[in-house]
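This briefing introduces a structure to a reader who has not met it before. Please keep the sequence and the model in view while reading the points below.

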Amino acid sequence: MPDAPSGLSRVERLLPLLERLAGTRLRLRQASEATPEGSARLEPIPETEGVWLEIANGAGPGVAQELAEIVGSVLAAERDAAQVAAELSERYEEIDLIYTISEILGHTIRLDEAADRILREVSTVVGARRATLLVHDAEQQMLRIVAARGMDVQDVEPIEVDDACSVAARVFREMRIVSYDPTDPTAPNPGCPEGRNYRGQAFLSVPVLYAAPGARGKPIGVINLTDRVGGDAFTAGDRKLVAAIANQIGAAIENARLVARDLGQQRVLRELELARDLQLKLLPSPGVLGSRVDVAARCRQAESVGGDFYNLLNLRADRIGVMIGDVTSHGFSAALIMALVMAASGIHAESAETPTEVLHRLEESLADELASTEMFLTVFYAVVDPKGGRITFANAGHPHAFLVSTRTGEAVRLEATRPPLGLATAPGADAVLTWARREAIVCLFTDGVAEALGGAGGAGGAGGAGGAGGAGRFGEERVLGHVARLKDRPAREILESVHADLAGFTGGAPPADDRTVVILKV
């Protein structure tokens, strides 16, 4: 048979089965081939241009149409699978880029050591032949190049910030992305009519911004990407990805300046503050779920960065994904694992069919990092159907996961379904619980809460609910007591009650371990 669309070989393997069922000979033919042999008929295959099903004598029009529809369905499924695989491949490439840049920034404190590698990675992913990274010189009010690809740094002159003809200067001043598509005849020249002229080259210019915690963002540089491979314009996905990378570079530039000013303790403290700010921004606000459910969550790290995390996801069919995890240890190594989980969990939750499969794919994604750091992590992930009153979950050794009844206050432990990620590979299986609508609370927390030690007067606690949680420890029963007592109150009030009691119990002492609590009323 002549060349055919992708996936046709599987259809060919299906044809002998269809022949036996239909009792007639079948063959796939291109539309460009000759007319059917003898008195056989050609039936067009739905949604597959240029391919026909040749059916020998003995099959009526109705049977012929049904056979063509079967073949068309198989071909359509193959095309859909190939498209999904391509989309996931692109997303994995973006995750790998973000991870690579995080590693670069995490192992270098000098911008000039990291800039060349970052520029090479970014330009490779988005397909740019030439790229430059310009940084603002506040004293001279100039944009100076610190890294370049596809050109010599010495050949690029500094750009005045108020240069009216420079696209880079304009992007810096206006703090917005400017791109140019040379294939669009209506696209205006982004530079001046005279002087710089970018026609004939697709380009993307993105401001590098930095925002200190609680402060408004400010421009500190520009990243330029030009001469895209293939001549096509940069896509919306390219713009979004480079903007995210530019923010990481912005933090790195500010950090490099800090290191240059102070090589002592002040520099170290500032680095930790920046790392903490970046990590906390990875955790979603409860507002991502909108008004669909009442949810509250909080993560407090033992050090500036930590290994606790949670995620809240809007899934298909009005379902909600909720995840909590605890990396063994805290600090920068645990924070790296946490960041990788946060980056990958959303993609896996969208593409995997079950919670168990989500955890399995996460484990595969983290295999190398967990092996090299000799760490493991407990993870609980559930898909909640609020309307149907159903929770489907997988629990990789996370001990503190409960479903609390809003009628009785009784707590049911959501038991482990497999070992922690990184300890032993085991497929596990999903578990399912049901309840009457609006009569359940999902309560999740980490070891740092249950095992918090009492401070001065802490063993007696602040009154609390459920009594002291063991000899000098807060205990999970104390957490569940707050949930049961306040089961009719908003999730935010339950969360605040737990943390207020915890602060009183520990005497306000800094936590020895990361503490995370998620309350979801469904």
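The points below concern aromatic pairs, one helix and one sheet. The model is a predicted one. A search of the whole structure finds four aromatic pairs, and two of them are described here, followed by helix α11 and an open sheet of five strands.

**Aromatic pairs**

- Tyr-180 and Phe-203 form a tilted pair, with 6.1 Å from centre to centre and 35° between the planes.
- Tyr-180 belongs to strand β7 (residues 178-180) and Phe-203 to strand β8 (residues 203-210), so this pair ties together parts that are 23 residues apart in sequence.
- Both Tyr-180 and Phe-203 are buried.
- Phe-402 and Phe-445 form a stacked pair, at 6.1 Å centre to centre and with 15° between the planes.
- Because Phe-402 lies in strand β15 (residues 401-405) and Phe-445 in strand β18 (residues 440-445), the pair ties together parts that are 43 residues apart in sequence.
- Phe-402 is buried, as is Phe-445.

**Helix α11**

- Helix α11 covers residues 491-506; at 1.5 Å a residue, its 16 residues should span 22 Å, which agrees with the 23 Å between its end C-alpha atoms.
- The buried residues of α11 include Ile-494, Leu-495, Val-498, Leu-502 and Phe-505.
- In an α-helix there are 3.6 residues a turn, so residues three or four places apart point the same way.
- The buried residues of α11 pack against strands β10 (294-300), β18 and β19 (515-521), and also against helices α9 (447-450) and α10 (476-485).
- After α11 comes Gly-507, which has a positive phi, near 70°.

**The five-stranded sheet**

- The strands of this open sheet follow the order β11-β12-β13-β14-β17, and their pairing is antiparallel.
- At the edges stand β11 (308-314) and β17 (431-434); each has a single partner strand, so one side of each is left without a neighbour in the sheet.
- From one strand to the next, the twist averages 15°.
- Strands β13 (residues 377-385) and β14 (residues 390-396) run antiparallel and are joined by seven bridges.
- Within this pairing, Val-383 stands opposite Thr-392 in β14.
- Helix α7 (residues 332-351) packs on the sheet, where it touches β11, β12 (320-327) and β13.
- The direction of α7 makes about 15° with that of β11.

Technical notes
Residues are numbered from 1 along each chain as its sequence is written. This is a predicted model: local features need pLDDT of at least 70, side-chain atom pairs count only at pLDDT 80 or more; totals for chains, interfaces and linings use all residues. Side-chain values use heavy atoms; hydrogens and water are left out. Rings of Phe, Tyr and Trp (its six-membered ring) pair if their centres lie within 6.5 Å; planes under 30 degrees apart count as stacked, over 60 as edge-to-face and the rest as tilted. Helices (H or I, at least four residues) and strands (E, at least two) are DSSP runs, numbered from the N terminus. Buried means under 20% relative accessible area, exposed over 50%, partly exposed in between (1.4 Å probe, protein chains only). The expected span of a helix is 1.5 Å times one less than its number of residues. Contact means heavy atoms within 4.5 Å. Two strands pair if DSSP finds at least two bridges between them. Axes are lines fitted to C-alpha atoms, for helices over the stretch in contact, and angles run from 0 to 180 degrees between N-to-C directions.
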